[in-house]
Amino acid sequence: MAIVEVKVPLLSESITEATMLTWKKKVGEAVAIDEILIEVETDKVVLEVPAPAAGVIVEIVQGDGATVAAEQLIAKIDTAAVAGAPAPAAAPAAASAPAAAPVAAAAAGADKSGVAMPAAAKILADNNLSATNVAGTGKDGRVTKGDALGAIKAGAAIPTGAPKAALPQVAAPAGKQELGERPEQRVPMTRLRARIAERLLQSQATNAILTTFNEVNMAPVMDMRKKFQDSFTKEHGVKLGFMSFFVKAAVHALKKFPAVNASIDGNDIVYHGYFDIGIAVSSPRGLVVPILRNADQMSFAEIEKKIAEFGQKAKEGKLGIEEMTGGTFSISNGGTFGSMMSTPIINPPQSAILGVHATKDRAVVENGQVVVRPMNYLAMSYDHRIIDGREAVLSLVAMKDALEDPSRLLFDL
């Protein structure tokens, strides 16, 4: 017998523990080297755990839902064993999992087809899908995140006759309460959702948040985008979107008003001589904010390609910790979902965030005449402790001016 240990990957210095999601293999099953055995969820990212060697899983030390630390032993692989042969008596250490683990030890071995793991249930609910119509490949037939994403891609849908109040089943042992025609489900927060909640409360409690608003006529940007879209796409292999204009306009304003790009560290104000712009991206696990580093040095094409990459990685849960660390200013685009106006919350330790909304045709007055223009409402929330109203208002005006006359970006005006 040649035993190889499977351990939790290294985590970043700021992360001390992670949660095991769903094992993709059972004891006695063969695995190939680098085959993904399980995913572990931290408060920032989901990390894949590949098989360090080919062989047969002979022991699962930590079961689904267990809380683990970096480099902790979670399974053992026998590189000399044959799949299907009797394995040493070793059951998953379900007792080590927290009380809120998705599957209770007593339920082990039961048929759980049609039951979704928490991460999968969130994806299904967001896309109006039912777990009963998704083939589960997880333990005992449970629906995993991968199954849910696959069902969405395949266009699965809830049957026409399904009750309107039907919800995806979630493997949450003691929390579900049947209340006649008023069902409820209690599902533990994912680590990411809990971290988002913590940071938002921290931001509200520690920053003196104030929001300033302005409106921008998007016609010049839309005309420029229409004029160069085909040649831009042909040259760079990516479409020219609106976010690159917002990023460029933000950097343009931050250069003029350094306090908006600064942060507070104790009793000190740290003025950053670089421009790392966080782009809020929606993912099946919640809101994440990957960083465009040195955005001032990036071309429109580089920005568009990087944002597209972030979006794809967020969808697949493959954003790395390093991609979401840092940032000096953020942009949140609620307009993607049709938002007309919002007051974005600052992403600590940053001191300001720009909220972009849906562009709609609106009646505006120009030279004493009422005309129709494609208007977008901008909202910038800022920490009033270090950013005065004057700087906040003028920086937002600078963004407006750059968007209404994009040529200013060429001449740094």
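In this predicted model, helix H2 (residues 145–154) keeps Lys145, Asp147, Ala148 and Ala151 buried. Those four cover an arc of only 160 degrees around the axis, which puts them on the same side of H2. Flip to the other side of H2 and there are Lys153 and Ala154, both exposed. Ala151 turns up again further on, as a member of a nonpolar core.

Helix H3 (residues 191–206) can be read in a similar way, starting with its length. With 16 residues at 1.5 Å a residue, H3 should span 22 Å, and its end C-alpha atoms do sit 22 Å apart, so expectation and model agree. The buried residues of H3 are Arg191, Leu192, Arg195, Ile196 and Ser203. Looking down the axis of H3, these buried residues fall within an arc of 135 degrees, so they line one face of the helix. Turned away from that buried side is a face carrying the exposed residues Leu201 and Ala205. As for what covers the buried residues of H3, the list includes strands E2 (18–20), E4 (36–41), E7 (67–68), E9 and E14 (286–288).

Strand E9 (residues 209–217) is also home to Thr212. Thr212 has a relative accessible area of 12%, and since buried means under 20%, this residue counts as buried. What does Thr212 touch, leaving aside residues up to four places away in sequence? Its contacts are Leu378, Ala379, Met380, Tyr382, Ala392, Val393 and Leu396. Ala392 and Leu396 from that set are themselves buried, and they belong to helix H7. The other buried residues of H7 are Ser395, Ala398, Met399, Lys400, Ala402 and Leu403. H7 (residues 389–404) passes the length check too: its 16 residues should span 22 Å at 1.5 Å a residue, and the end C-alpha atoms are 22 Å apart, which agrees.

On to the nonpolar cores. In soluble globular proteins, nonpolar side chains tend to be buried together. The largest core here has 75 residues, and the ones with the most contacts inside it are Ile74, Val247, Ile277, Ile279, Leu292, Phe329 and Ile331. Helix H5 (residues 243–256) gives the most to this core, chipping in nine residues. Apart from it lies another core, made of nine residues, among them Ile123, Leu124, Leu129 and Ala151.

Two of those highly connected core residues, Val247 and Ile277, also show up among the contacts of Ala295. Ala295 sits in the loop between strand E15 and helix H6, yet at 1% relative accessibility it counts as buried. Not counting residues up to four places away in sequence, Ala295 touches Val247, Lys248, Val251, Phe275, Ile277 and Ile303. The C-alpha atoms of Ala295 and Lys248 are separated by 7.8 Å, with the two residues 47 apart along the chain. Asn294 is found in that loop as well, between E15 (291–292) and H6. Its phi is near 50 degrees, a positive value in a residue other than glycine. At 32% relative accessibility, Asn294 counts as partly exposed.

How many aromatic pairs does the structure hold? Just one. A pair of aromatic rings is described by the distance of the centres and the angle of the planes. Phe245 and Phe300 form the pair, with 5.0 Å centre to centre and 65 degrees between the planes, which is edge-to-face. The pair links distant parts of the chain, with Phe245 in H5 and Phe300 in H6 (residues 300–316), 55 residues apart. Phe245 is buried, with a relative accessible area of 3%, whereas Phe300 is partly exposed at 26%. A further ring, that of Phe242, has Arg225 lying over its face, at 4.4 Å from the ring centre.

A couple of backbone oddments round things off. A cis peptide bond joins Pro348 and Pro349, with omega at about 0 degrees. Pro349 is in the loop between strands E16 (329–333) and E17 (352–356). Asp34, in the loop between strand E3 (30–31) and E4, has phi near 70 degrees, again positive in a residue other than glycine. Asp34 counts as exposed, at 54% relative accessibility.

Methods. Residues numbered from 1 in each chain as written. Predicted model: local features only at pLDDT ≥ 70, side-chain atom pairs only at ≥ 80, totals over all residues. Heavy atoms only, no water. Helix = DSSP H or I, 4+ residues; strand = E, 2+ residues; numbered from the N terminus. Buried < 20%, exposed > 50% of the residue type's maximum accessible area, 1.4 Å probe, protein only. Contact = heavy atoms within 4.5 Å. Expected span 1.5 Å × (residues − 1). Arc of directions from axis to C-beta. Core = buried A, V, L, I, M, F, W, Y, C linked by side-chain atoms within 4.5 Å. Phe/Tyr/Trp six-rings, centres within 6.5 Å; stacked < 30°, edge-to-face > 60°. Lys NZ or Arg CZ within 6 Å of the ring centre and 35° of its normal.
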